[in-house]
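Reader: I am in my first year and would be grateful for a close look at a single part of this structure. Could you please describe one helix-to-helix contact carefully and then place it within the chain?

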Amino acid sequence: MQKLGSLLILTVLCGYSFSNSKTHAVVYARTSAIVPATAADSRPVIVCFGDSLTAGYGVDRNSSYPADMQRDLDAIGFHYRVVNMGVSGDTTKDGLARLERVLALKPEVVVVEFGGNDGLRGLPVRDTQQNLDTMVAALKKSGTRVTMAGITLPPDYGPDYVGHFNAMFPAIAKKYSVPLLPFIYKDVYGVKGYIQDDGVHATVDGNVQVAKNIEGLIKPLLKK
């Protein structure tokens, strides 16, 4: 997620609203769906920056939500190049380590989706919140605009942990005056055929809807 000054769309995936348990932590397998810059393509860049939900874990890269978003934006006349920089298994700490690579692309928009793996691993919420805070602060300092999208964790992580986990995203959004999309899996989770058998990742059809959710978030910030 114009020359509006560099835009940043920070889509922080807060958790996953799963029905199953901590066995979903198998998402840690590190795979990436990074599409390198193309010198001949001078369109403004939208970087989709996150973990497995961005990378398109379990589906072909061309069926990830960034690929769907590229096709949708092309079809409606928005001239941007969408770059998928998702790495499966990344935590917020990993995202911070890769942040300079994103900024080096001089993107107009960055869609950042992090936080779910921190929660699935049961990492301290204060550390996750600090990492996200640092990320948002650095990206805003670079002149980008930030939006966030939230989700949740399975209830078996306990009400205290889940409550603190859920609360950190609106807290950061409020601190930095960042628009918040409440649920990135809106019209995805719970829809038959939209979530893979692991109960975590979107299917080909599910990613189509995820792309629409993100498009609704970023289109007001784009120019034709």
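Author: In this predicted model, helix 5 and helix 6 meet through two sets of residues. Helix 5 contributes Val 125, Thr 128, Gln 129, Leu 132, Asp 133 and Val 136, while helix 6 contributes Tyr 161, His 164, Phe 165, Met 168, Phe 169, Ala 171, Ile 172 and Lys 175. Sorted by class, the residues of this contact are nine nonpolar, three polar and two charged.

The geometry of the pair may be described next. The axes of helix 5 and helix 6 come within 10 Å and cross at roughly 20°. Angles under 35 degrees count as roughly parallel, and helix 5 is therefore roughly parallel to helix 6. The crossing of these two helices is right-handed.

One residue of this contact deserves separate attention. Phe 165 lies in helix 6, which spans residues 159-175. Its relative accessibility is 1%; since buried means under 20% relative accessible area, Phe 165 counts as buried. Between Phe 165 and Gln 129 there are 8.4 Å in space, C-alpha to C-alpha, although the two are 36 residues apart in sequence. Both Phe 165 and Gln 129 are among the residues through which helix 6 and helix 5 meet.

Helix 5 also has a contact with helix 3. Helix 3 covers residues 92-104 and helix 5 covers residues 125-141; their axes are 9 Å apart and the packing angle is about 10°. Helix 3 and helix 5 are therefore roughly parallel to each other. The crossing of helix 3 and helix 5 is left-handed, whereas that of helix 5 and helix 6 is right-handed. On the side of helix 3, the residues involved are Thr 92, Lys 93, Gly 95, Leu 96, Leu 99 and Leu 103. They meet Thr 128, Asn 131, Leu 132, Thr 134, Met 135, Ala 138 and Leu 139 in helix 5. By class, this contact holds seven nonpolar, five polar and one charged residue. Thr 128 and Leu 132 of helix 5 take part in the contact with helix 3 and also in the contact with helix 6.

These helices belong to a chain with seven helices and five strands. Read from the N terminus, the order of the elements is β-α-α-β-α-β-α-α-β-α-β-α. Of the 224 residues in the chain, 54% are buried. The chain exposes about 9,500 Å², of which carbon and sulfur atoms supply 55%.

Burial can also be followed in other helices. In helix 2 (residues 65-75), the buried residues are Tyr 65, Pro 66, Ala 67, Asp 68, Met 69, Gln 70 and Leu 73. Their cover includes strand 1, helix 1, strand 2, strand 3 and helix 7. Just after helix 2, Gly 77 takes a positive phi of about 85°.

Helix 1, which is part of that cover, contains Thr 54. Thr 54 has 0% relative accessibility and counts as buried. Leaving aside residues up to four places away in sequence, Thr 54 touches Cys 48, Phe 49, Ser 64, Tyr 65, Pro 66, Asn 84, Gly 86 and Glu 113. Tyr 65 and Pro 66 are among the buried residues of helix 2.

Helix 7, which is likewise part of the cover of helix 2, contains Gln 209. With a relative accessible area of 17%, Gln 209 is buried. Under the same exclusion of sequence neighbours up to four places away, Gln 209 touches Lys 186, Asp 187, Val 188 and Tyr 194.

Terms used: Residues are numbered from 1 along each chain as its sequence is written. This is a predicted model: local features need pLDDT of at least 70, side-chain atom pairs count only at pLDDT 80 or more; totals for chains, interfaces and linings use all residues. Side-chain values use heavy atoms; hydrogens and water are left out. Axes are lines fitted to C-alpha atoms, for helices over the stretch in contact, and angles run from 0 to 180 degrees between N-to-C directions. Helices (H or I, at least four residues) and strands (E, at least two) are DSSP runs, numbered from the N terminus. Angles under 35 degrees count as roughly parallel, over 145 as roughly antiparallel, 65 to 115 as roughly perpendicular and the rest as oblique. A crossing is left-handed if the near helix is turned anticlockwise from the far one by less than a right angle, and right-handed if clockwise. Contact means heavy atoms within 4.5 Å. Ala, Val, Leu, Ile, Met, Phe, Trp, Tyr, Cys and Pro count as nonpolar, Asp, Glu, Lys and Arg as charged, and the others, Gly among them, as polar. Buried means under 20% relative accessible area, exposed over 50%, partly exposed in between (1.4 Å probe, protein chains only). Accessible areas come from the Shrake-Rupley method with a 1.4 Å probe; for residues, only the protein chains shown count as cover.
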